Amino acid sequence: MKGLHSAFPNKQVNITSQSKDENLNVLLVNDDQDPGSYYLYNRKTGSVHFLVSRMAWLKPTDMSPMKPIQFTSRDGLTIHAYITTPKDSDGGKLPLIVNPHGGPFGIRDVWGYNPEHQFFASRGYATVQVNFRGSGGYGRKFEQAGYGGKWGAEMQNDLTDAVEHLVKEGITDADNVCIYGASYGGYATMAGLTFTPDLYTCGINYVGVTDVGLLFTSMPKHWESARELMKIQIGDPDDKALMARMSPLAHVDKIKVPLMIVQGARDPRVVKQHATDLRDELESLGVKLSDDEWIMKKNEGHGFRKEENKIELYTKMEKILAKHLN
């Protein structure tokens, strides 16, 4: 690996597959602006041969850089994050998208090529990915700092602190920030709009949890073995006060800004009731979502897979962002 890294300086080099005797290895070589290429590495001879590019039609020089940053949370934790900024910008006063990852426990964002963030950068937006407490890759203590009722509280504070840090650094303005995420990231989007309603100018909730108690009562069968662990990580679903405190659905009246909701009707993890209950609650408050703000696809699950649905999603997302970020 040391020799391979020397052969591909400033690149990530990963072995994606190998022969049974481990002599022939397929490598993926990439970085934050290059989606990567595959190579065949012969361990005995030390030779490396190019195989194919992942997205040969893209020029890395046209792509935008992703940089690691860190800051200190309000309670003293060191929080790591990555920010992608438009390649031709000076990195200051940019409209910002906060993009929390899913999971959330043990999952983390990493440095590398992110096609979604390149799309955002091509439209002039910076995107920040925050490895908030509970994320993996920073040790057991950091992951467990997100356990036990920290959804919508300390874990959400890390996102808020990230925005405040970027405002202080002059990277964005306080009134030019949207939040977008999927799964737990969708929950964090809704928590951001309900618990910190003055922080964001819009939100995009993609297959996100809105009712934490419903997450327990509707979980797929293959999650049942992890129920007790989930109670430790998230909180006891029998604690109704805690469920209400953490659930954005119970605080919809706090939302002040436009919201886009995206859901797959066949989602087994975050069932469609999370989205329909949220929509119904908004309508009861006199807020009716437009066709651009509501996408429910009957043939999709936990994240869209069909090309035509992805095209519709990003076309409408682009319109929402253009309308509320500048």
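How do the residues of the lining of the second largest pocket divide into nonpolar, polar and charged? This report on a predicted model answers that question after describing the chain as a whole and its pockets.

**Overall form**

The protein chain contains 10 helices and 12 strands, and its C-alpha atoms fill a box of roughly 70 × 45 × 45 Å when taken along the principal axes. Because a compact globule with 326 residues would have a radius of gyration near 20 Å, the value of 21 Å for the protein chain agrees with that expectation. Buried residues account for 53% of the 326 residues, while the accessible surface of the protein chain comes to about 15500 Å², with 50% of that area belonging to carbon and sulfur atoms. Where contacts in the protein chain join residues at least 6 apart in sequence, 64% of them are between residues at least 24 apart.

**The two largest pockets**

The largest pocket has a volume of about 940 Å³, and of the 40 residues that line this pocket, the closest to its centre are Gly102, Gly103, Ala182, Ser183 and His302. Several elements contribute to this lining, since at least two residues each are supplied by helix 2 (115–122), strand 9 (177–182), helix 7 (227–233) and helix 10 (307–324).

The second largest pocket has a volume of about 220 Å³; 15 residues line this pocket, and those closest to its centre are Leu58, Met63, Tyr113, Gln118 and Phe119. As for the opening question, the lining of the second largest pocket divides into 9 nonpolar, 3 polar and 3 charged residues. The table sets out the linings of both pockets by class.

| Pocket | Nonpolar | Polar | Charged |
|---|---|---|---|
| Largest pocket | 21 residues | 13 residues | 6 residues |
| Second largest pocket | 9 residues | 3 residues | 3 residues |

**The setting of Gln263**

A single residue, Gln263, can be followed in further detail. Gln263 lies in strand 11, which covers residues 259–264, and Gln263 counts as buried because its relative accessibility is 1%, whereas the cut-off for a buried residue is under 20%. When residues up to four places away in sequence are not counted, Gln263 touches Val207, Gly208, Val270, Val271, Lys272, Ala275, Ile295, Met296, Lys297 and Phe304.

Technical notes. Residues numbered from 1 in each chain as written. Predicted model: local features only at pLDDT ≥ 70, side-chain atom pairs only at ≥ 80, totals over all residues. Heavy atoms only, no water. 1 Å grid on protein atoms, 1.4 Å probe; cavity = no way out; pocket = protein on both sides within 12 Å on 5 of 7 lines; lining within 4 Å. Points joined across faces, edges and corners; volume = space filled by probe spheres on them. Helix = DSSP H or I, 4+ residues; strand = E, 2+ residues; numbered from the N terminus. Nonpolar A, V, L, I, M, F, W, Y, C, P; charged D, E, K, R; others polar. Rg over C-alpha atoms; globule rule 2.2 N^0.38 Å. Buried < 20%, exposed > 50% of the residue type's maximum accessible area, 1.4 Å probe, protein only. Contact = heavy atoms within 4.5 Å. Areas by Shrake-Rupley, 256 points an atom, 1.4 Å probe, with all protein chains shown as cover.
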